[in-house]
Amino acid sequence: MKQNLRSKEVTNLSDVVRLDKLPEKAIIPMRQHDGIACAPLVKKGEAVIVGQKLGECEGSDLAYVHSPFCGTVDSIELMPNPSGKRILSVVLTPSECAQSVDFVPEKNAPPSRLIQIIKEAGIVEYYEKPTYLALKPGKRIDTLLMNATFPLITHAYLNSLDKVLEGFRLMLEASGIPRGVIVVRADDKESIKAFKSAKVDGKPLTVAPIIGKRHADYYLEDVEDQIIVVAAGNITYTPTMMNLLSANVMGRKLPLGGEPSDAHVVVCGVKSAKAVYDAICEGKPYLENVVTVKGAVNNPKSVIVRFGTPIKDVIEACGGYKGEPGKIIVNGSMGGITVYTDEAPIVKNTTGIVVQTKEQVLRDVTSACIHCARCVDACPVNLLPTRIASYSDLGKYEECEHLYAMNCIECGSCAMVCPSKRHLVQLIRYSKLQIQNMCTAEARGGD
């Protein structure tokens, strides 16, 4: 695969801080994962406490929702969401009460119980899959990859790196996966230094570079350690790039339309490893995340935020907007989603917020494709972006599928080099949505 993804400069934000100020209203969506929405367990006017289960799902693809606040249920209604949709949510009026459910640690539980604890805690991966399902995909898995290539997120957890590593080890124990590989960017010197100083089971971690054919397997054969760290280029692997992460780190080719588990690999995040530690060693459900805030704010920083906190409150904790805001992007300027209101809440897969002023928002005029093929040269997975986008624009989604639109990792490289300023990523992303809808309709028709 071609490796011409644009490298992003690794910068440091100020030390992570906790947002303790209570929001005026907390919006807790009943669906914060890629799966079945939860049914509310509370009613309007009911008092709730920290850690109380607010939503419960049925079936196998679920992630329970818990209250990060004490307070009173103000309403249960469709509310704005970072996904761009309106999601059924429990709206709370938080109170200063510190009461919580009993948090009961279970450090010495057997693997089957560990998986159950992870499930009951409602932990969700950064790519929206419930963690308990990610760890048990129903296939033979030999390696658990931790994606630590988001430098600002990884830096925010370096002060609690021992808990992250213990959570990662517990994920291996719960799943029965024999070994783990932590993947960092090669230019993330701060994270590499921290991992070199860390220990697992009293032994220093092995930190090795991915060079040529020396993939993670090469180093795992030479060491007896259960967990190693590898530095893999200068790419930040977003949720749509997990196949590329697996291929680059493990050197294993994936079939078209495949997923990491087809290469005997599953992927987790730094935040979920910390959440697993909290669930097993402290008995806490998944209630908060670190969110990095960058761009047009007065004091960019990483903030520990409880789920349900409106984005505007996080912006305020970073000194407020710097100038008139023109765009708020959740989860990265390349593959993220622009939200239409800062009333939308922080949810389980929120990793970052980027604010742009009106002057910074690009408003290029799109023109016809000139067939220069620059997008083809830029595509790291060897697709034909302009052809897929054209078919998508015409509503020919079956043709998009035949051109492997579902393999697009939505990195934005094609749009960045397009001299005609075509909305390639948006069109391809829309075609993927329509292909998924077609597959869902066919499956229902076949039942």
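Let's start with C372, which is partly exposed, with a relative accessible area of 32%. Before I go on, please keep in mind that this is a predicted model. C372 sits in the loop that runs between strand 20 (352-357) and helix 10 (374-378).

Why begin there? UniProt, in an unreviewed entry, lists C369, C372, C375 and C418 under "binding site". These four are spread over 50 residues of sequence, yet they cluster in space, with a largest C-alpha distance of 10.7 Å.

Let me take two more of that group. C418 is in the loop between helix 13 (413-417) and helix 14 (424-446). Is C418 buried or exposed? Its relative accessibility is 9%, so C418 counts as buried. C375 also counts as buried, at 8% relative accessibility.

You might want to know what the sulfur of C375 has around it. The closest cysteine sulfur belongs to C414 and lies 6.4 Å away, which is too far for a bond. Then there is C400, which is in no disulfide either: its nearest cysteine sulfur, in C408, is 11 Å away. C400 counts as buried, with a relative accessibility of 0%.

So how many disulfides does the structure hold? The answer is 1. C38 and C57 form a disulfide, and their sulfur atoms are 2.3 Å apart. If you look along the S-S bond of C38 and C57, the torsion is about -55°, so this disulfide is left-handed. C38 is in the loop between strand 2 (26-29) and strand 3 (39-40), while C57 is in the loop between strand 5 (53-56) and strand 6 (65-66), so the pair ties together parts that are 19 residues apart in sequence. As for the surroundings, C38 counts as buried at 4% relative accessibility, and C57 counts as buried at 6%.

Now, please turn to the backbone. Most residues other than glycine have a negative phi. With that in mind, have a look at N382, where phi is positive, at about 60°, although the residue is not a glycine. N382 lies in the loop between helix 10 and helix 11 (385-393).

Which other residue should you look at here? E410 has a positive phi as well, near 55°, and it is a residue other than glycine. Follow the chain to the loop between helix 12 (397-402) and helix 13, and you will find E410 there. With a relative accessibility of 11%, E410 counts as buried.

Last stop, a pair of helices. At what angle do helix 4 (residues 161-175) and helix 8 (residues 270-281) pack? The angle is about 80°, and the axes are 7 Å apart. That makes helix 4 roughly perpendicular to helix 8. In case you want to colour the contact yourselves, the residues on the helix 4 side are K163, V164, E166, G167, F168, L170 and M171. They meet V270, S272, A273, K274, V276, Y277, I280 and C281 in helix 8. Divided by type, the residues of this contact are 10 nonpolar, 2 polar and 3 charged.

To go back over the cysteines once more: C38 and C57 form a disulfide, C400 is in no disulfide, and C369, C372, C375 and C418 are the ones UniProt lists for "binding site" in an unreviewed entry. Thanks for listening, everyone!

Technical notes:
Residues are numbered from 1 along each chain as its sequence is written. This is a predicted model: local features need pLDDT of at least 70, side-chain atom pairs count only at pLDDT 80 or more; totals for chains, interfaces and linings use all residues. Side-chain values use heavy atoms; hydrogens and water are left out. Axes are lines fitted to C-alpha atoms, for helices over the stretch in contact, and angles run from 0 to 180 degrees between N-to-C directions. Helices (H or I, at least four residues) and strands (E, at least two) are DSSP runs, numbered from the N terminus. Angles under 35 degrees count as roughly parallel, over 145 as roughly antiparallel, 65 to 115 as roughly perpendicular and the rest as oblique. Contact means heavy atoms within 4.5 Å. Ala, Val, Leu, Ile, Met, Phe, Trp, Tyr, Cys and Pro count as nonpolar, Asp, Glu, Lys and Arg as charged, and the others, Gly among them, as polar. A disulfide is a pair of cysteine sulfur atoms within 2.5 Å. Buried means under 20% relative accessible area, exposed over 50%, partly exposed in between (1.4 Å probe, protein chains only). UniProt positions are given in the numbering used here, feature names are shortened, and annotations may be inferred rather than shown by experiment.
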